[in-house]
Structure formats: C-alpha cells, structure tokens
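Subject: Structure for you to look at

Hi,

Here is the structure I promised to pass on. Please open it alongside this message, and my notes follow below.

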Amino acid sequence: MTTILSDLDEGGLVARGEAGGEPSWLLDRRRAAARRFVGQAWPDSHVDEFWRSTPFDVRFDVGRAIAEATAAAEAPASVLDRVEGGGVLVRVVDGALVDVTAHPDATAAGVVAMDLGRAAVEHADLVEAHLGRLTTSGDGTGSDEDRTVSLSDAAWTGGVFIHVPDEAAVDVPLSVHVHVATPGAHLPRILAVIGRHARATLYLEHTSAPGVDALVDEVAEIVVLDGATLRLASVQDWGDGVQHLGLQKAEVHRDATVRSLAFTAGGATVRLRPEFDLVGPGAEVRPLGIYLASDGQWFDLQPFVRHIAPRASSDVLFKGALQGRSRTVFRGNVFVGRDAVGTATDENNRSLILTEGARADATPFLEIECNDITAGHGSATGQIDARHLYYLRSRGIDRDTALRLIVRGYFTDVLEEAGLPGVTEHALDVIERRIADADLSAIQVNDLGLREES
Amino acid sequence: MAFAPATALADLPDAAPVRVEVDGVPVCLVRTGDAVRAVHDVCSHQRWSLADGEIVDGAVECSLHGSTFDLDTGRPRTLPAVTPVPTYAVRVTDGRVEVDVAGPTNGAAVPAH
C-alpha cells in the first residue's frame, strides 16, 4: 500500500495502528489526530510566525510515501560505542524497532526500553497517561501543534518507550538510535518518562544510509517528574538527502533539572524544536546547541522554553559555525506566563560565519506576561577575530592550525558543559572533520579589532 | 527573450503594487500614470511578497521588515535586505501590460529562499 503523505485520509492514517492490534484508547487518539490532520494545511510562511524563515514547500517534500520497514539494514555505529561499558541501545531502522541492547546496571535499576506499541499494552497506565499529552493543546501551554505533528500523532511508526522508575539513579546512557535506510517518509516517535528523583542520560541519535532521500517527521515527548535529573542529547548526523522535522518536547516538573544538547551537523534541512515546559516550581533547564552548516544545508533551530510555574530558571545557549552557501535560523523563544513569578531566564545565540555566502538569521524572542522576573536575550553573528589569529601566529602557530584551534575552542565551552559521554567525543570528531574539509584559505577574518588598535 | 501578457492596464491601480505571474515568475507591477514598472515579487531578504507592501517615493516597501527596493534599479535602499531584486522590462500595447521575465534588466539573481 502506497500512502502519499499529502493524500492521507483518516482511514489511511490509522490503518497501520489497526493492523497492529493496538488498544482502543490508542486507536481513538490516532483517529482524533487524523481528523486534525485532515482539517489542517501544511505550514505556510505567510500565515505561521514560526515558519516565517523556512519555506515549508521548498525545503520539505510531502509527496512521499510512508517508508515500509524492510529487512533490517545495518545501522552505523552508535555514540555508545565510545562509552566505556556501553549503555542501553534501542535501534529503530526504517520505522521499526529492530533491537534493544540491555545493560545490567539499567536492568537492575528497573529501566524499561521497549517498543511503544507493546508498551501501550504492557505499560498501559503510563503510556495512556502521557502519550500525545504534550502535542495537543488544552492545557494553556501554547502547544497548538501544526500538521507535521498531527501527522505523527496519527500515523507514528517505530515508537520507543523509555521509563526510568522513581528514585532510580542510572549512570549508563540510554540511547534511541533512529536510522533511515529506505527512501520515503519516516515517523519515529519517542515517549520517555523519568520518574521522581530519578537520574538518567538519554540520547536521540539520527543517521541515514548514504544517498537516501527521506523526510523524517519525529516527535519525542519527555516527561521529567519531580526532582529528577536528566541529561539529554539529540545528535543529527543525517546524510545530504534527509529532511528532518523534529519536535523534542520535555515537560519539567517541580525541582527537576534538564541539561540538553542539540548537535546538528548533517541533513539537507533540519528543523529542530527542543522545547521545555517548566510546569513545576524550581524546575531548571539548560538547553545547549551546536550547529555546523556547510554548503546547501539549511538548519532552522527553535528552542522554546515556557515558564508556567514560579521560580523556575532557564538558560539557552546555541552556538554555530557556517560555511559555503548554508543557511541557519535561530528562532529562540522564552515565554513567561502570568504566574511565573521569580523566573530567571537567559537566551543567547552565537554564529560564526567562516566563509562568504553563508547566512545566519537570529531571533532570540521573549514573551513576558509577568513583571517579577529577570530575563535576558542576545545574539551575535560574526567572523573569526583577526586578533585571535594574530595572537596564535605570534606564538609560532601556522595559520591553518590556528584557525582549527579557534573554531574548536569556540565550541569547547558548550561541549564541556554538556559533558555527555560518547556524544562529546563524537561531536569533537565531527567538528575536526568539518574543519579539515573546509577550504581554510577561504576563511574570512574580521580585522576591525586590529585596525582599531593600530 | 519575449514579452508575455501580464494584465490589463485598466486593472492596475495607481501607485499600488500588484502581484501577477508571468511565465511562472512572480512579478510585482507598479503603475504610475501610464507607465508601469516591474520587479521580482519576492523580497531578497526573506520569502515574502513585495506586492503586499506599499509604494514609497519610487520604491516598494516590503511589509515584513520594511526594506525598500528602488523600482528602477531593484537595489535596496534600507536594511535588512542587502541584495537587489531583479527588474523586468515592461511595455504597454493597446492597454495590455506585457512583461519580459526572461532576462532581468539589472542582472540581479532571483532570490533563492
């Protein structure tokens, strides 16, 4: 059965779930989402503020059929391979969960990592309570979602459920590795519930086979309950033919802490929305981002923090480097609701333009309904400072090595703070590779500072 | 290299931009008296229809961020746009407006968004 996304109707959207024998409450939710989908149009830059920078019809091809799971293709290495002792690895290939590698520490702590469809039966209470809760509105948090999310709600495949029980301290990373080997549309879905006072590390990895053209419409819902601590990473290592729509939404409860890193280096178009609803007092989030854009790539990064509860804090920092004819969009949002007294928030974006032709747009947005808060926001886009280059060269370091050091050093603070085993090493490798591939003679430096001092 | 019909002169209001499609190319037409000028309808800064804006002193002002583009040269007079939009040759024959979108008269590239 070929089901072109843009032609899908209610029956076509839920057919897969019905065939899979899903429980009736889940089928009802799929049907409700299918009705939303049918009633919605694809995003339009003229109508939707959040789509203003990225033309949906140009960057995303919805004339694709949902990819059918084939014989499991070989997925590339996971970042967990770099972690001593490994971790829990869930592999999703072409819309199907193919295997779960357990880890004794996680198993002992009671961690659940399994197929979402199965979890809807075996852990019905948790899945029914949380699945789709963060993607549908009605709670006043502003989550009125567009058609790309209704599509996931209705037709997701290759779902993964992660549960870390209350008070479990899990030091080994848990990773969901989504790999795309077949052309078409892919609809991965992740639900993670981190229990009260638990501690966990969760990675979302994204890779594709060379030369594959695909649209990946991904939704991850992450519930971080009272007092829990979560380290989160999303790694975008797609090949050149992949268009990625990613909503990764965390709900952060009382006194819970989330530190996250969105690392984006691969893909033709990546539109990533790392979102955080701070619904409990004292919640704290540190959304970090690194992006490396090269010729032809278009990254639209939209971290969104919603301060719903009082005395929560957030500090967003996204840093990127661009070369060739690439385009990045930082559309950061911090919303402070009327009850969020004592909020402390800051939001920053830095873009380093390495070569001519690249363009970085930045909108560090704030929306504040409460007057007893502190908030900051800022953005800077520029070139390598000739003074830094001059300093290194005056110490006998040649130009190319100096440029590499500067770019690497530019990202080091974010990587060190993120402190994610496996991801940090992988990210440094990708950064090194990108600089090695770059035409260092084309890198432009800004010598304004030098001239001012002379 | 060919003029193609765009619209009727009588359908163009004076000093108000109108969007038309000529050979699949979006064009912003501006009539001043009996003269008509044409620029590409997409702003060079971000994808937005220039015809949604207003005419200010011989330039069309984009309604999204306020860049103004000179109707004769296509060049932006104000930020945030920094590159020109293509300008096209127009002729009026028997009340019919024809535009040549094959080659911009100012050599500017079509905005790629």
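Before the strand pairings, one convention: two strands count as paired if DSSP finds at least two bridges between them. Please also keep in mind that this is a predicted model.

**Chain B: the sheet**

With that convention in hand, start at strand E1 of chain B. Four bridges join E1(B) to strand E9 (residues 96–100) of chain B, and the two run antiparallel. Two of the facing pairs are easy to find: B:Ala4 is opposite B:Val99 of E9(B), and B:Ala8 is opposite B:Arg96 of E9(B).

On the E8 side, five bridges link E9(B) to strand E8 (residues 87–93) of chain B, again in an antiparallel arrangement. Here B:Val92 has B:Val97 of E9(B) as its bridge partner. E8(B) and E9(B) form a hairpin with two residues between the strands, and in this hairpin B:Asp94 adopts a positive phi near 50°.

E9(B) also shows an alternation of side chains. B:Val97 and B:Val99 point to one face and are buried, whereas B:Arg96, B:Glu98 and B:Asp100 point to the other face and are not buried. So that you can place the residues mentioned above: B:Val99, which is one of the buried pair, is the residue that faces B:Ala4, and B:Val97, also buried, is the bridge partner of B:Val92.

Stepping back, these strands belong to an open sheet of six strands in chain B, with the order E1-E9-E8-E4-E3-E2 and antiparallel pairing. Strands E1 (4–8) and E2 (18–22) of chain B are at the edges with a single partner strand each, so one side of each has no neighbour in the sheet. From one strand to the next, the twist averages 35°.

**Chain B as a whole**

What does chain B contain in the way of helices and strands? There are zero helices and nine strands in chain B, which gives the pattern β-β-β-β-β-β-β-β-β along the sequence. The radius of gyration of chain B is 13 Å, close to the 13 Å that the globule rule gives for 113 residues, so chain B is as compact as a globular protein of that length. The C-alpha trace of chain B spans about 40 × 25 × 20 Å along its principal axes. Of the 113 residues in chain B, 40% are buried. If you take the contacts in chain B between residues at least 6 apart in sequence, 44% of them join residues at least 24 apart.

**Chain A: three helix pairs**

In chain A, I would look at the helix packing. Helix H9 (residues 399–418) of chain A and helix H10 (residues 423–437) of chain A have axes that come within 11 Å and cross at roughly 165°. H9(A) and H10(A) are therefore roughly antiparallel to each other, and the crossing is right-handed. H9(A) contributes residues including A:Arg404, A:Val407, A:Phe411 and A:Leu415 to the contact, and H10(A) contributes residues including A:Ala427, A:Leu428 and A:Ile431.

H9(A) also packs with helix H8 (residues 386–394) of chain A: their axes come within 9 Å and cross at roughly 125°. H8(A) and H9(A) are therefore oblique to each other, with a right-handed crossing. In this contact A:His388, A:Leu389, A:Leu392 and A:Arg393 of H8(A) meet A:Arg399, A:Ala402, A:Leu403, A:Leu405 and A:Ile406 of H9(A).

The third pair is helix H2 (residues 24–39) of chain A with helix H7 (residues 147–155) of chain A, whose axes are 7 Å apart at an angle of about 155°. H2(A) and H7(A) are therefore roughly antiparallel to each other, and their crossing is left-handed. Among the residues in contact are A:Ala33, A:Ala34 and A:Phe37 of H2(A) and A:Ser150, A:Leu151 and A:Ala154 of H7(A).

**Chain A: a buried leucine**

Last, a single residue: is A:Leu97 buried or exposed? A:Leu97, which lies in strand E2 (residues 96–101) of chain A, has 23 other C-beta atoms within 10 Å and is buried. Leaving aside residues up to four places away in sequence, A:Leu97 touches A:Val90, A:Val92, A:Asp115, A:Gly158 and A:Val160. The C-alpha atoms of A:Leu97 and A:Leu116, 19 residues apart along the chain, are separated by 9.0 Å.

Happy to go through any of this together.

Best wishes

Notes. Residues are numbered from 1 along each chain as its sequence is written. Chains are lettered from A and ligands numbered from 1 in the order in which they are written. This is a predicted model: local features need pLDDT of at least 70, side-chain atom pairs count only at pLDDT 80 or more; totals for chains, interfaces and linings use all residues. Axes are lines fitted to C-alpha atoms, for helices over the stretch in contact, and angles run from 0 to 180 degrees between N-to-C directions. The radius of gyration is taken over C-alpha atoms; the globule rule is 2.2 Å times the number of residues to the power 0.38. A residue is buried if 20 or more other C-beta atoms lie within 10 Å of its own, exposed if 12 or fewer, and partly exposed in between; C-beta atoms are placed from the backbone. Two residues are in contact if their C-beta atoms, placed from the backbone, lie within 7 Å. Angles under 35 degrees count as roughly parallel, over 145 as roughly antiparallel, 65 to 115 as roughly perpendicular and the rest as oblique. A crossing is left-handed if the near helix is turned anticlockwise from the far one by less than a right angle, and right-handed if clockwise.
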